[in-house]
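Please open the model in your viewer and keep the sequence panel beside it, since this tour moves from one selection to the next.

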Amino acid sequence: MNIKKVLAYQVLDSRGRPTVAVTLTLSDGSIHTARVPSGASTGAHEAHELRDVGTGRAETFYGGKSVFSAVANINEIIAPKLIGHSLNPAAIDGILVEADPTPGHQKIGANATLATSLAVAKASAHVSGKSLVRFYQPTGPLLIPMPMINILSGGAHANRSLDIQDVLVIPHAAKNFAEALSWVVAIRERAASDGKSHGITHLVADEGGLGLSFKTTDDACEFVLAQIELLGLSGKVSLALDIASTQFYGDGKYSLTTSGTSYSSDQFVDEMLNLVNTYPISSIEDPFAEDDWAAWTAFTKQAPEKLQILGDDLFTTNLHRLERGIAEVSANAILIKANQNGLVTSTHRVLDHAHANNFATVVSARSGETEDSWLADLAIGWRAGQIKVGSTHGSERTAKWNRLLEIEVSEETEFSKPF
Ligand code: PGA
Ligand code: ZN
């Protein structure tokens, strides 16, 4: 079986911004489409997301955010190389690298390479007669990842109503994924109504979380813990924080706007230690800025042994940065975002390298998502152990949760228990 047609086009993500879709037609007439996500709090070391601003192709009403150049790169540069080619994801990812050997896919755009790479993965699963998840793990019980689910949003996702980006919950004592999800839905519902009765202005943020205003991270943690307690779930649900600190780091200082305080790197290490020693926090993401390596190592040395220290902007799903983090003991877990990397096979390689070095992995969506649910298949098929998709609101989020629910009832599975 080989590729008969490659068609790229522009579609919208959940924030109403353009993103790239690719539809592959195979010689058996079957059709396979993939759509790529896009971040808001993007790390400087991520693969290059090509947008039209400054290219002369920008569509006025999308304010430079259109992706016609990435689309054209697929239709004009990539498609001619793939038509007639047999379905082999590693070989095709190799062709994509040859077409643009720059680091981070600067020329063609990582949104173009990833859309193509994902469509090829989906088509390859079809050729082997399997679902995408079973393409990666053909036999044996599947590992359903433990979710970390957003309740409160701040930072770049909610107009900076809170300095940190996410207060999430981990339903670590749930017996299966369906139960885990039901607990989190209840917590979010309670938080929404409690927020209103406290007169806190409330908006639904980019990832479906609640954009409630809190002066401090402590206040936000206490608010969510109160909801957990009122539902009788204390000790069964813990907190996870995405500090996304690169967003408020500059000139060697961490500057929080809601409380008006500013910290040196050393002071912020102490501040973060204080936080994780005060509350039942299982996981902390990006407590320090993407290039503040010394702070990461200092924190990891002093943090509680069981704490998950998760690098997102620090690692940007990049093998070299992960290798440095392993060598310097900067963290003990990595967030895996395919569009930070730009190719499916090399994203998978980063995840495998993390596992081989005893790092935990959390496969993650972005703030700009589509209704596509490949993320759930990759998280399970690659045995990630954990998944992060945002909140329980928004069809672009529920598409992934619903796919996990579908796999949990239709396959032999076990529920991951990382905490
Ligand atoms: P982003 O946020 O998709 O806007 O980068 C998600 C995250 O930081 O984990
Ligand atoms: Zn993050």
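What follows is a series of stops, each with something to select and a description of what is found there.

**Stop 1: the zinc site**

Bear in mind from the outset that this is a predicted model. Begin by selecting the zinc ion (ligand 2) together with D242, E285 and D312, which are its protein donors and which lie 2.0 to 2.3 Å from the ion. D242 and D312 contribute OD atoms, while E285 contributes OE. Read along the chain, the donors follow the spacing D-x42-E-x26-D. Within this set, the pair E285 and D312 links distant parts of the chain, 27 residues apart: E285 belongs to strand 11 (residues 281-285), whereas D312 sits in the loop between strand 12 (308-311) and helix 9 (319-327). Are these two residues buried or exposed? With a relative accessible area of 1%, E285 is buried, and D312 is likewise buried, at 2%.

**Stop 2: K388 and its surroundings**

Now select K388, which lies in strand 15 (residues 385-390). K388 is a buried lysine, because its relative accessible area of 5% is under the 20% cut-off. Display its contacts next: leaving aside residues up to four places away in sequence, K388 touches M148, D166, L168, D242, E285, L335, V362, V363, S364, A365 and L375. Two of the zinc donors, D242 and E285, are thus found again among the contacts of K388. For a longer span, draw the C-alpha to C-alpha distance from K388 to N274, which comes to 25 Å for two residues that are 114 apart in sequence.

**Stop 3: helix 8 and its partner helix 7**

Select helix 8 (residues 293-302) and helix 7 (residues 265-278), whose axes come within 10 Å and cross at roughly 35°. The crossing of helix 7 with helix 8 is right-handed. Which residues form the contact between helix 7 and helix 8? From helix 7 come S265, V269, M272, L273 and V276, and they meet A295, A298, F299 and Q302 of helix 8. Sorted by class, the residues of this contact are seven nonpolar and two polar, with no charged residue.

Stay with helix 8 and colour W293, A295, W296, T297, F299 and T300, which are buried there. The buried residues of helix 8 pack against helix 7, and also against strand 11, strand 12 and helix 9.

**Stop 4: L319 in helix 9**

From there, move to L319, a residue of helix 9. L319 counts as partly exposed, with a relative accessibility of 27%. Apart from residues up to four places away in sequence, L319 touches V350 and H353. The C-alpha atoms of L319 and L143 are 24 Å apart, and the two residues are separated by 176 residues in sequence.

**Stop 5: helix 1 and helix 3**

Two packed helices are described by the angle and the distance between their axes. Select helix 1 (residues 68-82) with helix 3 (residues 110-127); their axes come within 9 Å and cross at roughly 45°, which means that helix 1 is oblique to helix 3. The crossing of helix 1 and helix 3 is right-handed. On the helix 1 side the contact is made by A70, I74, I78 and L82, which meet N111, A112 and T116 in helix 3. Five of the residues in this contact are nonpolar and two are polar, and none is charged.

**Stop 6: helix 5 and helix 6**

Select helix 5 (residues 177-197) and helix 6 (residues 217-230), where the axes come within 9 Å and cross at roughly 120°, so that helix 5 is oblique to helix 6. This crossing of helix 5 and helix 6 is right-handed. I187, R190, A191, D194 and G195 in helix 5 meet F223, Q227, I228 and L230 in helix 6. The contact of helix 5 with helix 6 comprises five nonpolar, two polar and two charged residues.

**Stop 7: two positive phi angles**

Finally, select D251, in the loop between strand 8 (249-250) and strand 9 (253-256). D251 is not a glycine, yet it has a positive phi of about 50°, and it is exposed, with a relative accessible area of 82%. Then select N358, in the loop between helix 11 (344-356) and strand 14 (360-364). N358 has a positive phi of about 60°, although it too is not a glycine, and its relative accessible area of 71% makes N358 exposed.

Methods
Residues are numbered from 1 along each chain as its sequence is written. Chains are lettered from A and ligands numbered from 1 in the order in which they are written. This is a predicted model: local features need pLDDT of at least 70, side-chain atom pairs count only at pLDDT 80 or more; totals for chains, interfaces and linings use all residues. Side-chain values use heavy atoms; hydrogens and water are left out. Donors are N, O and S atoms within 2.8 Å of the metal (3.2 Å for Na, K and Ca); water is not among the atoms, so sites may look incomplete. Helices (H or I, at least four residues) and strands (E, at least two) are DSSP runs, numbered from the N terminus. Buried means under 20% relative accessible area, exposed over 50%, partly exposed in between (1.4 Å probe, protein chains only). Axes are lines fitted to C-alpha atoms, for helices over the stretch in contact, and angles run from 0 to 180 degrees between N-to-C directions. Angles under 35 degrees count as roughly parallel, over 145 as roughly antiparallel, 65 to 115 as roughly perpendicular and the rest as oblique. A crossing is left-handed if the near helix is turned anticlockwise from the far one by less than a right angle, and right-handed if clockwise. Contact means heavy atoms within 4.5 Å. Ala, Val, Leu, Ile, Met, Phe, Trp, Tyr, Cys and Pro count as nonpolar, Asp, Glu, Lys and Arg as charged, and the others, Gly among them, as polar.
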